[in-house]
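Ready for a few exercises? Take a look at the model below, then try each task before you read its solution.

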Amino acid sequence: MADSVSIKINKDLRPAYYDDFHCLAADCRFSCCKAWRIAFDKKDYLSLKRQKGTEDLNNRLEQGVRRLRDKESNYYGELDMSGGDCPLLREDGLCALQIEKDHAALPQVCRAFPRAMAYLPEYLERSLSPACEGVLELLWNLPDGVEFRSNPLPKKERGTLTVSGERPLVPFFQPIREWCIDILQDRRLPLPQRILLIGLALRELAEGEMDIPAWLTRARALPEAEELPGLPREDNALAMFLTSNLRTLNLLETTGVDYADKSGFQWIAMIRLPDFVTRENFAWAVSEAERKKKLDCSSAEFLTVEEGLCVQIMHLGPYDSEPETVAQMDAYLAEQGYENDLSETRRHHEIYLSDPRRAAPEKWKTVIRHPIKKR
Ligand code: SF4
């Protein structure tokens, strides 16, 4: 039997907005009483079957609460959601059981949602699921980010967490979580890339990587790494592709460009492909898009770009204000003894890090890259 350590848990940790949650009830547009499975244990099943009220409530319970006979299942009963909504949900958006009885009459899953809790090495963590519209409203309205609160636990909620060789990840829960938060907050990488890196790295743990200190060392070096250590080459290439940004190559004069008038621009829109995509794969994708989606992809091209020596700068703001940023880059070039080398084959390159449909123009981030040569 593996050695085990018991940790007493006698305080909680929760986001401050946890205390402000209340169900939107009839005002909720995406009610949790619709379109998902509501299943429960024997105690809840029997409690529901014992409830008596008006004829309407009795009918709803009679027809809507059913027994599960699957021996493999952890559940004993469920609400019949075949009509899409919970059979206890009234036309006015309120729960017939809660209205006639009270909150305590609901099955545990309905009493708890969207609240969740987990006993962790230092505390009982309480959280609220963002699958709930009421929670999203609270999050949306947070003026200054998330604050946390902690209180001693009432006796009935105190618990003991057992850490044993059978649960080797438990002692590392906090450092692993802190690493995830650090990555999420690392704005040097685009958000999709941060999320993907976390998923790929955590997959190693899910697949059985047990040298956690070594994993943490590798994971902490990740934002600077070219590739995710230990990850198959295809996955790294895929990560790069899934998170790559739209970019354009523009044929521009070195000076006197009117960025506000884009009608005369000659540009190529591009997206970076993983190394394992061949010309044959590309030709197949083009023909499939034409055949299935009826898209004219005749101008799509498998292009290899060798940019050579370049200088680049991060431009913050609308595209029309790029000239000021380009002027700064030009001044830097001149100081260093270089000059622009723009031509038909060496082009002004823009990489769009922001989605102009979602972000305000003053927040748009665009990498501007120019080919250069020694003066
Ligand atoms: S999703 Fe949230 S706010 Fe909406 S009914 Fe359920 S608990 Fe209430």
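**A cis bond and its loop**

Pro-114 is found in the loop that joins α4 (108-112) to β6 (115-119). Keep in mind throughout that this is a predicted model.

**Exercise 1.** Describe the peptide bond from Phe-113 to Pro-114, and find what else involves these two residues.

*Solution.*
- Step 1: Begin with the bond. The link from Phe-113 to Pro-114 is cis, and its omega is near 5 degrees.
- Step 2: Turn to the ligand. Phe-113 and Pro-114 are both among the residues around the ligand.
- Step 3: Complete the list. The other residues there are Cys-23, Leu-24, Cys-28, Ser-31, Cys-32, Cys-132, Glu-133 and Gly-134.
- Step 4: Sort the shell by character. It divides into seven nonpolar residues, two polar ones and one charged one.

**Exercise 2.** In which order do the four strands of the mixed open sheet stand, and which strands are at its edges?

*Solution.*
- Step 1: Collect the pairs. β6 and β7 pair in the antiparallel sense over five bridges, while β2 and β7 (residues 124-128) pair in the parallel sense over two bridges.
- Step 2: Find partners within these pairs. Arg-115 stands opposite Leu-128 in β7, and Asp-12 has Leu-124 in β7 as its bridge partner.
- Step 3: Look at the connection. β6 and β7 make a hairpin, with four residues between them.
- Step 4: Write the order. The open sheet runs β6-β7-β2-β8, with mixed pairing.
- Step 5: Read off the edges. β6 and β8 (148-149) each have a single partner strand, so one side of each is left without a neighbour in the sheet.

A useful reminder: strands of a sheet pair through backbone hydrogen bonds, in either a parallel or an antiparallel way.

**Exercise 3.** Is Tyr-119 buried, partly exposed or exposed?

*Solution.*
- Step 1: Locate the residue. Tyr-119 lies in strand β6.
- Step 2: Count its neighbours. Tyr-119 has 18 C-beta neighbours inside 10 Å.
- Step 3: Apply the cut-offs. A residue is buried with 20 or more such neighbours and exposed with 12 or fewer, so Tyr-119 counts as partly exposed.
- Step 4: Name the contacts. Leaving out residues up to four places away in sequence, Tyr-119 touches Ile-9, Leu-124, Gly-159 and Leu-161.
- Step 5: Check a remote residue. Pro-361 is 242 residues from Tyr-119 in sequence, and their C-alpha atoms are 44 Å apart.

**Exercise 4.** Work out the arrangement of the three-stranded open sheet and the helix that lies across it.

*Solution.*
- Step 1: Put the strands in order. They follow β3-β5-β4, with antiparallel pairing.
- Step 2: Mark the edges. β3 and β4 (65-67) are the edge strands, each pairing on one side only.
- Step 3: Examine one pair. β4 and β5 (residues 77-79) are joined in the antiparallel sense over three bridges, and Val-65 has Leu-79 in β5 as its bridge partner.
- Step 4: Add the helix. α1 (residues 42-50) lies across β3, β4 and β5, and runs at about 135 degrees to β4.

**Exercise 5.** Compare the surroundings of Ala-25, Lys-294 and Leu-197.

*Solution.*
- Step 1: Start with Ala-25, in the loop between β2 (12-15) and β3 (39-40). Ala-25 is not a glycine, yet its phi is positive, at about 50 degrees. It has 15 C-beta neighbours inside 10 Å, so Ala-25 counts as partly exposed.
- Step 2: Move to Lys-294, in the loop between α10 (279-293) and β12 (310-316). Lys-294 also is not a glycine and has a positive phi, near 55 degrees. Lys-294 is exposed because 7 other C-beta atoms lie within 10 Å.
- Step 3: Finish with Leu-197, in helix α7 (residues 191-206). Leu-197 is buried because 23 other C-beta atoms lie within 10 Å. The C-alpha atoms of Leu-197 and Leu-222 are separated by 8.2 Å, although the two are 25 residues apart along the chain.

**Exercise 6.** Which domains does the assignment give, and what distance separates the centres of domain 1 and domain 2?

*Solution.*
- Step 1: List the domains. They are domain 1 (22-113), domain 2 (168-224) and domain 3 (234-374).
- Step 2: Take the centres over C-alpha atoms. Those of domain 1 and domain 2 are separated by 39 Å.

Definitions and conventions. Residues numbered from 1 in each chain as written. Predicted model: local features only at pLDDT ≥ 70, side-chain atom pairs only at ≥ 80, totals over all residues. Domains from an automatic or database assignment. Near = placed C-beta within 6 Å. Nonpolar A, V, L, I, M, F, W, Y, C, P; charged D, E, K, R; others polar. Pairing = 2+ DSSP bridges. Contact = placed C-beta atoms within 7 Å. Axes fitted to C-alpha atoms, helices over the stretch in contact; angles between N-to-C directions.
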